[in-house]
Amino acid sequence: MARRYQVKPRFWLTLSVTAALVFSVSFLVTRARLEAQAARVQERIAERDQIVREIGELENEIDFVQTDEYVERAARDELGLIMPGEVRYVNAAGEGQ
């Protein structure tokens, strides 16, 4: 004859507590991973924003370099050229005095 086992209430309590513990640990681990990923996303967004700002500054610099004002300034500062009709004055004592 087949033997029937009776399940005691203590078994159900132990099973419920174990299941609750497993689900709690699983939830906490998943939550920690999610928070870490969210932090990484925020870092990447900050990096992207910084790069976008740098690109904007470089585009502004490119626009300025393509103007006549920049060409004139570079010719005066770097090459020492003057416009027609201008007179260059040089300090005879030297630059440092």
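Tutor: Before any residue is discussed, one scale is needed: a residue is called buried under 20% relative accessible area, exposed over 50%, and partly exposed in between. The structure shown is a predicted model. Tryptophan 12 serves as a first case: its relative accessible area is 48%, so it is partly exposed.

Student: What does a search of the whole structure find by way of aromatic pairs?

Tutor: The search returns 2 aromatic pairs. In one of them, phenylalanine 11 and tryptophan 12 are arranged edge-to-face, with 5.4 Å from centre to centre and 70° between the planes. The label follows from the angle, because planes over 60 degrees apart count as edge-to-face. Phenylalanine 11 has 45% relative accessibility and therefore counts as partly exposed.

Student: Which residue forms an aromatic pair with phenylalanine 64?

Tutor: Its partner is tyrosine 70, and this pair is also edge-to-face, at 5.7 Å centre to centre and 75° between the planes. Phenylalanine 64 has a relative accessible area of 27%, so it is partly exposed. Tyrosine 70, at 28% relative accessibility, is partly exposed too.

Student: Which residues form a nonpolar patch on the surface?

Tutor: The patch consists of Val7, Phe11, Trp12 and Leu15, which together have about 420 Å² of accessible area. Phe11 and Trp12 are the residues of the aromatic pair at 5.4 Å. Leucine 15 belongs to helix H1. Leucine 15 is partly exposed because its relative accessible area is 43%.

Student: How many salt bridges does a search of the whole structure find?

Tutor: The idea is a charge pairing between side chains: a nitrogen of Lys or Arg within 4 Å of a carboxyl oxygen of Asp or Glu. By that test the structure has 6 salt bridges. One of them joins arginine 31 to glutamate 35, with 3.3 Å from N to O.

Student: Where do arginine 31 and glutamate 35 lie?

Tutor: The general idea comes from helix geometry. An α-helix has 3.6 residues a turn, so residues three or four places apart point the same way. In this case, arginine 31 and glutamate 35 are both in helix H1, residues 9–65, and are 4 residues apart, about one turn of the helix. Arginine 31 has 46% relative accessibility, so it counts as partly exposed. Glutamate 35 likewise counts as partly exposed, at 46% relative accessibility.

Student: Which side chain meets that of arginine 73 in a salt bridge?

Tutor: The side chain of glutamate 69 meets that of arginine 73, at 3.2 Å from N to O. Both residues lie in helix H2, residues 68–79, with a separation of 4 residues, about one turn of the helix. Glutamate 69 counts as partly exposed at 47% relative accessibility, and arginine 73 is partly exposed with a relative accessible area of 43%.

Student: Which parts of the chain does the salt bridge between glutamate 86 and arginine 76 link?

Tutor: The two side chains meet at 2.7 Å, N to O. The pair connects distant parts of the chain: arginine 76 is in helix H2 and glutamate 86 is in the segment after H2, 10 residues apart. Glutamate 86 is partly exposed, since its relative accessible area is 34%. Arginine 76 counts as partly exposed at 31% relative accessibility. Salt bridges with shared partners join Arg76, Glu86 and Glu72 into one network.

Student: Where is the place of glutamate 72, and is the residue buried or partly exposed?

Tutor: Glutamate 72 is in helix H2. At 36% relative accessibility, glutamate 72 counts as partly exposed.

Student: How many residues apart in sequence are glutamate 72 and alanine 46, and what separates them in space?

Tutor: Glutamate 72 and alanine 46 are 26 residues apart in sequence and 38 Å apart in space, C-alpha to C-alpha. Arginine 53, in helix H1, offers a second reference point. Arginine 53 and glutamate 72 are 19 residues apart in sequence and 28 Å apart in space, again C-alpha to C-alpha. Arginine 53 is partly exposed, because its relative accessible area is 49%.

Student: What should the 12 residues of H2 span, and what follows H2?

Tutor: The check uses a rise of 1.5 Å a residue, by which the 12 residues of H2 should span 16 Å; the end C-alpha atoms are 15 Å apart, which agrees. After H2 comes glycine 80, with a positive phi near 75°.

Note on methods: Residues are numbered from 1 along each chain as its sequence is written. This is a predicted model: local features need pLDDT of at least 70, side-chain atom pairs count only at pLDDT 80 or more; totals for chains, interfaces and linings use all residues. Side-chain values use heavy atoms; hydrogens and water are left out. Helices (H or I, at least four residues) and strands (E, at least two) are DSSP runs, numbered from the N terminus. Buried means under 20% relative accessible area, exposed over 50%, partly exposed in between (1.4 Å probe, protein chains only). Rings of Phe, Tyr and Trp (its six-membered ring) pair if their centres lie within 6.5 Å; planes under 30 degrees apart count as stacked, over 60 as edge-to-face and the rest as tilted. Patches are made of residues with over 30% relative accessible area and no salt bridge: like charges are joined within 9 Å, nonpolar side chains (Val, Leu, Ile, Met, Phe, Trp, Tyr) within 5 Å. Accessible areas come from the Shrake-Rupley method with a 1.4 Å probe; for residues, only the protein chains shown count as cover. The expected span of a helix is 1.5 Å times one less than its number of residues.
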